[in-house]
Amino acid sequence: MNINLPNFNVKNLVKEAGSTISRVVQLTEEKLGTTERTEYDLHFQNLAERADVTKTWTEKIVRDTESVLIPNPQNRVEDFIFEKIEKSKPKRLSNLEHLALDMIEAGGDFGQDLPYGQALIKAGQAEQKLGQCEHDFIATSGICFTQPLRKFLDGEMKTIGKERGILETKRLDLDACKNRVKKARSMLGQQSAERDLRVAQAEFDRQSEITKLLLDGISTSQASHLRHLHAFVQTQVRYYKQCGDVMEQLQRELAKMQHPKPRLRINSEDVDGGPPSSVSMHSCDSDSLVGPALDSSPDPDLDKSLTNLLEDFHIEFDATAVSTVIFVTECSPVNEDYMYGKQGLMKGLVPRAFVEMLDEEHDVTL
């Protein structure tokens, strides 16, 4: 059996291993401060520091923006994978669109002819519009903001990082040549070391200029990022305006719908033992009532429960009735026919026509 083994150049392996060991020793000596180190000039250091800060904050801004646009981390990972393999991203429904579908389906089951069913369907249709606005907002934000910033990180910043790495290698080579010049013992060795030092210095200077030019270009990139930020803000303004218009239209449509007016029968017996009287009452804000909410259904248990709220107010409908002093406040919203009354632990609605204000504290007589 013939086995083809790779050809190893032992000399090259030994040379590379020796170079690696020498570089490790050199870095260790620099850390300990026992050897000479070529320092970058102050301008270069400022440029490099600004580049590091720009890279760090741009990465955070991109991540945070993507989290706002796509809150689900699993969806973000899927989109990243599809982007890397250059395939179209899967189209998925947003939470708003799921809500819209459920509202529309529920409205159909409850009855399209009933007010609640109609309101659910209209609300579901509005949520569908919001979902479409959200899709457009995410796509536009990616094009005008996140994609340019990510392109900057994957392109320009990676190039700068690569050139800075080359520059650091040239610096280490320069420092190694300086050490060899110091340690040269013979005239021939001195000349060879000085020649290597001149070559290393020239390569270091050339790479330093290349890296400085790239670092200076970050200012231009930030001006471009500012334009992208303006575009992103404009996209947000347009998106939230569209959402506001959709919800205002929904609010107007719901206001036009006819809502049933629940009626409440209050049975009260006159003091002289006369027959019970019946009063039809329009509903007030449910927050102003204590007990079950008003309903138009003729449920006897509900009528009985609501009757108990006011049966001790002794509402009278003739001039011979005995008056009762109670405390009243306005309903919220204000109702033209009724006020909210309270006497001790008893609370409920009383007709305005049968109350008389006694003073500014809203004590009235029935």
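This report walks through helix packing, a pocket and one unusual peptide bond in a predicted model.

## How α2 meets α6

A good place to begin is helix α2, which covers residues 42–69. One of its partners is helix α6, residues 187–256. Two packed helices are described by the angle between their axes and the distance between the axes. For this pair the angle is about 30 degrees and the axes lie 10 Å apart. Angles under 35 degrees count as roughly parallel, so α2 is roughly parallel to α6.

You can trace the contact residue by residue. From α2 come His 43, Phe 44, Leu 47, Ala 48, Arg 50, Ala 51, Thr 54 and Thr 65. Facing them, α6 brings Thr 211, Lys 212, Leu 215, Asp 216, Ile 218, Ser 219, Gln 222 and Phe 232. By type, the contact of α2 with α6 holds seven nonpolar, six polar and three charged residues. The crossing of α2 past α6 is left-handed.

## How α2 meets α5

Helix α2 also packs with α5, residues 115–183. Here the axes come within 10 Å and cross at roughly 150 degrees. Angles over 145 degrees count as roughly antiparallel, which means that α2 is roughly antiparallel to α5.

The residues in the contact of α2 with α5 comprise 14 nonpolar, five polar and six charged. This crossing, too, is left-handed.

## How α4 meets α5

Next, look at helix α4, which spans residues 95–110. The axes of α4 and α5 are 7 Å apart, with an angle of about 165 degrees between them. That angle makes α4 roughly antiparallel to α5.

In the contact of α4 with α5 there are 13 nonpolar, nine polar and three charged residues. As α4 passes α5, the crossing is left-handed.

## The largest pocket

The helices also help us find our way around the largest pocket, which holds about 1000 Å³ of space. Its lining is made of 27 residues. If you would like to locate its centre, look for Ile 70, Asp 79, Lys 89, Arg 92 and Ile 138, the lining residues that lie nearest to it.

Which helices supply at least two residues each of this lining? They are α2, α3 (73–84) and α5. The most comes from α5, which gives nine residues. Sorted by type, the lining of the largest pocket has eight nonpolar, eight polar and eleven charged residues.

## A cis peptide bond

Our last stop is away from the helices described above, in the loop between strands β3 (325–329) and β4 (338–343), where Pro 333 is found. What kind of peptide bond joins Ser 332 and Pro 333? The bond is cis, with an omega of about 5 degrees.

How values were computed
Residues numbered from 1 in each chain as written. Predicted model: local features only at pLDDT ≥ 70, side-chain atom pairs only at ≥ 80, totals over all residues. Heavy atoms only, no water. Axes fitted to C-alpha atoms, helices over the stretch in contact; angles between N-to-C directions. Helix = DSSP H or I, 4+ residues; strand = E, 2+ residues; numbered from the N terminus. Parallel < 35°, antiparallel > 145°, perpendicular 65-115°, else oblique. Left-handed = near helix turned anticlockwise from the far one by under 90°. Contact = heavy atoms within 4.5 Å. Nonpolar A, V, L, I, M, F, W, Y, C, P; charged D, E, K, R; others polar. 1 Å grid on protein atoms, 1.4 Å probe; cavity = no way out; pocket = protein on both sides within 12 Å on 5 of 7 lines; lining within 4 Å. Points joined across faces, edges and corners; volume = space filled by probe spheres on them.
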